[in-house]
Amino acid sequence: MSYPPLPEPLEVATYDNHTHFDIAYGDEALSTQQQLDKAESVGIKGVVQVGVTLETSKWSAQLASEEARVLAAVALHPNEAPEYKTLNALNDAIAEIAQLATQPRVRAIGETGLDFFRTEGEDSLKLQQHSFEEHIRIAKENDIALMIHDREAHDEVVKTLKRVGAPDKVVFHCYSGDTDLAEICIENGWYMSFAGNITIKRNQGFRDSLKLARRELIMVETDAPFLAPEPYRGRANAPYLVPITVRFMAEQLGVDVNELAAQLTQNTERVYGSWSEGLA
């Protein structure tokens, strides 16, 4: 499976605030350096590399410490937490995430949250809930963003954030709600990050949410190598495809692409800080 061609570059550069360089997809491999170079060539000046296991979180933090175009997010994915089987084993892994969170180029805890699509069973769901709450605590203790994975769990994610207290900066990664969730995000100042699946015809709720959102609360991502935008759905995604999603979002909002890209850049830097600070 080949990667799609390069899109027309953006005139105003922006970011991919959620990608997974560590995950291979398809038959054609691109190195991290190739991914970053291709992205930069079309106006994507930086990415947030996201860990989903202890190992990939360590790798993400290390990459961010060495590469000026990369910041890191670290966490145990909601579907990873139950794999530890016991609370003690899970807590040991969470303690290592907490150590990674102190590094200067780790700017988010994520992706974390709740997933009722793939995780089943009372014991597994309890471990997932515990992990989510501990990740929230780590984000608050380090004053960094919380990057939410929310799959078929909107109500419980919101209830948890309100019950334990949300960090100052909360990002609903790969926003998958309707306008009811959008209104909650707006009320609480939570960010909504849109991926390539907003371009899919059936996802009208995502588009309605984008139109409802305050402009200062929206961001863009790939979740690469997944969720390539139309017309490349099903092919390997990469940060260099962000311009397609940005143009689609601008069209939906009826705004100039440059204006939207500048807003996305401002929003992303407000959440994660400067890409130029904290390098080893």
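Here are some worked exercises on a predicted model, covering helix packing, a pocket and a few backbone oddities.

**Exercise 1. Work out how α6 and α7 are oriented relative to each other, and which residues make the contact.**

Step 1: start with the axes. Helix α6 covers residues 179-188 and helix α7 covers residues 204-212; their axes come within 8 Å and cross at roughly 30°.

Step 2: turn the angle into a word. Angles under 35 degrees count as roughly parallel, so α6 is roughly parallel to α7.

Step 3: add the hand. The α6 and α7 crossing is right-handed.

Step 4: pick out the residues. From α6 we get T179, A182, E183 and I186, and from α7 we get D208, S209 and L212. Sorted by class, the contact of α6 with α7 has three nonpolar, two polar and two charged residues.

**Exercise 2. Do the same for α8 and α9: what is their orientation, and how do the contact residues divide by class?**

Step 1: get the geometry. The axes of α8 (residues 242-253) and α9 (residues 257-272) come within 9 Å, crossing at roughly 110°.

Step 2: classify it. The range from 65 to 115 degrees counts as roughly perpendicular, so that is the label for α8 against α9. The crossing of these two helices is right-handed.

Step 3: list the partners. On the α8 side, V246, R247, M249, A250 and L253 make the contact, and on the α9 side V257, L260 and L264 do.

Step 4: sort them. The contact of α8 with α9 has seven nonpolar residues, no polar ones and one charged.

**Exercise 3. Decide which orientation word fits α4 and α5, and find the residues that meet.**

Step 1: look at the packing. Helix α4 (residues 122-142) and α5 pack at an angle of about 50°, and their axes are 11 Å apart.

Step 2: check the cut-offs. Roughly parallel needs an angle under 35 degrees and roughly perpendicular needs 65 to 115, so α4 and α5 end up oblique to each other. As for the hand, the crossing of α4 and α5 is right-handed.

Step 3: match up the residues. Q129, F132, E133, I136 and K140 of α4 meet V157, T160, L161, R163 and V164 of α5. By class, that contact of α4 with α5 holds five nonpolar, two polar and three charged residues.

**Exercise 4. Describe the largest pocket: what is its volume, and what lines it?**

Step 1: take the volume, which is about 860 Å³ for the largest pocket.

Step 2: go to the lining. It has 32 residues, and the closest to the pocket centre are H149, R151, C174, D223 and L227.

Step 3: map the lining onto elements. β4 (106-115) and β5 (145-151) are the elements that give two or more residues to it. The largest share, three residues, comes from β5.

Step 4: look at the chemistry. The lining of the largest pocket divides into eleven nonpolar, ten polar and eleven charged residues.

**Exercise 5. Find where the cis peptide bonds sit, and locate a residue other than glycine with a positive phi.**

Step 1: check omega. A cis peptide bond joins A224 and P225, with omega about 15°. Another cis peptide bond joins E230 and P231, with omega about 10°.

Step 2: place the prolines. P225 is in the loop between β8 (218-220) and α8, and P231 is found in the loop between β8 and α8.

Step 3: now phi. E152 has a phi near 55°, a positive value in a residue other than glycine. E152 lies in the loop between β5 and α5 (154-164).

Definitions and conventions:
Residues numbered from 1 in each chain as written. Predicted model: local features only at pLDDT ≥ 70, side-chain atom pairs only at ≥ 80, totals over all residues. Heavy atoms only, no water. Axes fitted to C-alpha atoms, helices over the stretch in contact; angles between N-to-C directions. Helix = DSSP H or I, 4+ residues; strand = E, 2+ residues; numbered from the N terminus. Parallel < 35°, antiparallel > 145°, perpendicular 65-115°, else oblique. Left-handed = near helix turned anticlockwise from the far one by under 90°. Contact = heavy atoms within 4.5 Å. Nonpolar A, V, L, I, M, F, W, Y, C, P; charged D, E, K, R; others polar. 1 Å grid on protein atoms, 1.4 Å probe; cavity = no way out; pocket = protein on both sides within 12 Å on 5 of 7 lines; lining within 4 Å. Points joined across faces, edges and corners; volume = space filled by probe spheres on them.
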